[in-house]
Every structure is written in structure tokens, then in C-alpha cells.
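The following explanation is intended for a reader who meets this structure for the first time. It is best read with the sequence and the three-dimensional view side by side.

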Amino acid sequence: MALKGINAYKKGSLKQDVATADPHRLTLMLMQGALDRMAYAKGCMERKDLAGKSEHLSRVSAILINLRDTLDLDIGGEVADNLYALYDYMVQRLVDANMQNSLQIMDEVINLLLPIKTAWLSIPEEAKQEAYEAQRQKRQSV
């Protein structure tokens with residue numbers, strides 16, 4: 001019974017975090033969610049829990065597709081184009097990992113996402129504000 005209360009608290013806390021987060025923080029939360037789900041999927045692979053593995057990999061794929069589809073290719077230039085291709089590659093590798101039940105492929109995808117998350121963490125506050133302003137101006141001009 002206590003576990004239900006803890007899980008309900010976690011869900012409520014997550015909803016509040018999402019509701020109050022800026023776009024930068026939301027992106028970090030998505031990346032961390034993808035990394036967490038990949039760790040869970042690896043555990044499922046080791047336990048031969050095929051349903052759990054598929055569920056977690058499906059969620060990771062959805063997160064990576066969301067990250068890919070929120071890239072602004074007009075403003076982001078070559079960096080955005082490269083990230084788009086990298087997210088696509090990671091989704092395909094997750095399909096491969098699922099089909100081959102491969103922990104090594106899972107580690108490959110984790111090792112591709114970690115540096116992106118680390119770089120995202122190091123973005124200075126003034127750069128974030130500049131990006132928010134560029135987005136606001138783009139929306140106003142449409």
C-alpha cells in the first residue's frame with residue numbers, strides 16, 4: 001500500500017515539474033527519461049522480460065522522436081540537421097536492440113545520448129534566453 005502512495009506522489013511531482021519547467025528543462029527531463037527507460041529495458045533484457053523490454057523501448061523511441069521533431073531546422077542549421085539524423089539513428093538502433101536483444105546496442109545508444117545531455121546541461125543561461133527570444137520572434141512573425 002505504501003508503494004502506491006509513493007508512486008502517486010512521484011507522478012504528481014513529475015506533473016508539477018513539467019507544468020513549471022521551461023523548454024530547456026523539459027528537454028533535459030525527456031533526455032533523462034530516455035536514459036532511465038533504456039536502463040530499465042536493459043534490466044528487462046537481462047531478466048528475459050520481453051513485454052517489459054518492448055514497453056520501455058517503445059517509450060524511449062517516442063521520446064527520441066519527440067526530441068527529433070522539436071528541433072528547429074530553420075534556426076538550428078547544421079547542428080539541428082546533425083541532431084535530427086542522430087536521433088533517427090538512435091531510434092533505428094533501438095529497433096535493432098529490441099530485435100537482437102542486444103545489451104551492446106543499448107549501450108551504444110546510451111553512449112550517444114549522454115554527451116548530448118551533458119552538452120545541454122552546460123548551455124549558459126544567456127544562451128537559453130536568446131533562444132527563447134528567437135522562438136518568440138519567430139512565432140510572432142508567422
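The paragraphs below treat one helix, then the nonpolar core, then the charged contacts, and finally two loop residues.

The model shown here is a predicted one. A convenient place to begin is helix α5, which covers residues 103-121. With 19 residues at 1.5 Å a residue, α5 should span 27 Å, and the distance of 26 Å between its end C-alpha atoms agrees with that expectation. At the N-terminal end of α5, serine 102 acts as a cap. A side-chain oxygen of serine 102 lies 3.4 Å from the backbone nitrogen of glutamine 104.

Which residues of α5 are buried? They are Ile105, Met106, Val109, Ile110, Leu113, Ile116 and Lys117. Viewed down the axis of α5, these buried residues fall within an arc of 135 degrees, so they line one face of the helix. The face turned away from the buried side of α5 carries Gln104, Asn111 and Thr118, which are exposed. The buried residues of α5 are covered by elements that include α2 (23-47), α3 (50-69) and α4 (73-100).

The account of α5 leads on to the interior of the model. In soluble globular proteins, nonpolar side chains tend to be buried together. In this structure, the largest nonpolar core has 23 residues. Met38, Leu64, Tyr87, Leu94, Met106 and Leu113 are the residues with the most contacts inside that core. Two or more residues of this core are given by each of α2, α3, α4 and α5. Two of the core residues just named, Met106 and Leu113, are also among the buried residues of α5. Leucine 64 may serve as an example of the contacts involved. When its neighbours within four places in sequence are left aside, leucine 64 is in contact with Tyr87, Met90, Val91, Leu94 and Leu113.

Helix α4 also contains arginine 93. Is this residue buried or exposed? Arginine 93 has a relative accessibility of 18% and therefore counts as buried, because the limit for a buried residue is under 20%. Apart from residues up to four places away in sequence, arginine 93 touches Ile105, Glu108 and Val109. Ile105 and Val109 belong to the buried residues of α5. With glutamate 108, arginine 93 forms a polar contact between side chains, at 2.8 Å.

The salt bridges come next. How many of them does a search of the whole structure find? The search finds six. One salt bridge joins the side chains of glutamate 55 and arginine 59, with an N to O distance of 3.2 Å. Glutamate 55 and arginine 59 are four residues apart in helix α3, which means that about one helical turn separates them. Glutamate 55 is partly exposed, its relative accessible area being 39%. Arginine 59 is likewise partly exposed, with a relative accessible area of 39%.

Arginine 68 takes part in a network of salt bridges that links Arg68, Asp69 and Asp88. Its side chain meets that of aspartate 69 at 2.8 Å, N to O. The side chain of arginine 68 also meets that of aspartate 88, here at 2.6 Å, N to O. Arginine 68 lies in helix α3 and aspartate 88 in helix α4, so this pair ties together parts that are 20 residues apart in sequence. The members of the network are not equally accessible: arginine 68 is buried, with a relative accessible area of 15%, whereas aspartate 69 is partly exposed at 47% relative accessibility. Aspartate 88, at 32% relative accessibility, counts as partly exposed.

Two loop residues remain to be described, and their backbone angles deserve attention. Most residues other than glycine have a negative phi. Lysine 48, although it is not a glycine, has a positive phi of about 60 degrees. Where is lysine 48 found? Lysine 48 is located in the loop between α2 and α3. Its relative accessibility of 66% means that lysine 48 counts as exposed. Asparagine 101 has a positive phi as well, near 50 degrees, and is a residue other than glycine. The loop between α4 and α5 contains asparagine 101. At 32% relative accessibility, asparagine 101 counts as partly exposed.

Key:
Residues numbered from 1 in each chain as written. Predicted model: local features only at pLDDT ≥ 70, side-chain atom pairs only at ≥ 80, totals over all residues. Heavy atoms only, no water. Expected span 1.5 Å × (residues − 1). Buried < 20%, exposed > 50% of the residue type's maximum accessible area, 1.4 Å probe, protein only. Arc of directions from axis to C-beta. Contact = heavy atoms within 4.5 Å. Polar contact = N/O pair within 3.5 Å; in protein donor to acceptor, adjacent residues only side chain to side chain. Salt bridge = Lys/Arg side-chain N within 4 Å of Asp/Glu carboxyl O. Core = buried A, V, L, I, M, F, W, Y, C linked by side-chain atoms within 4.5 Å.
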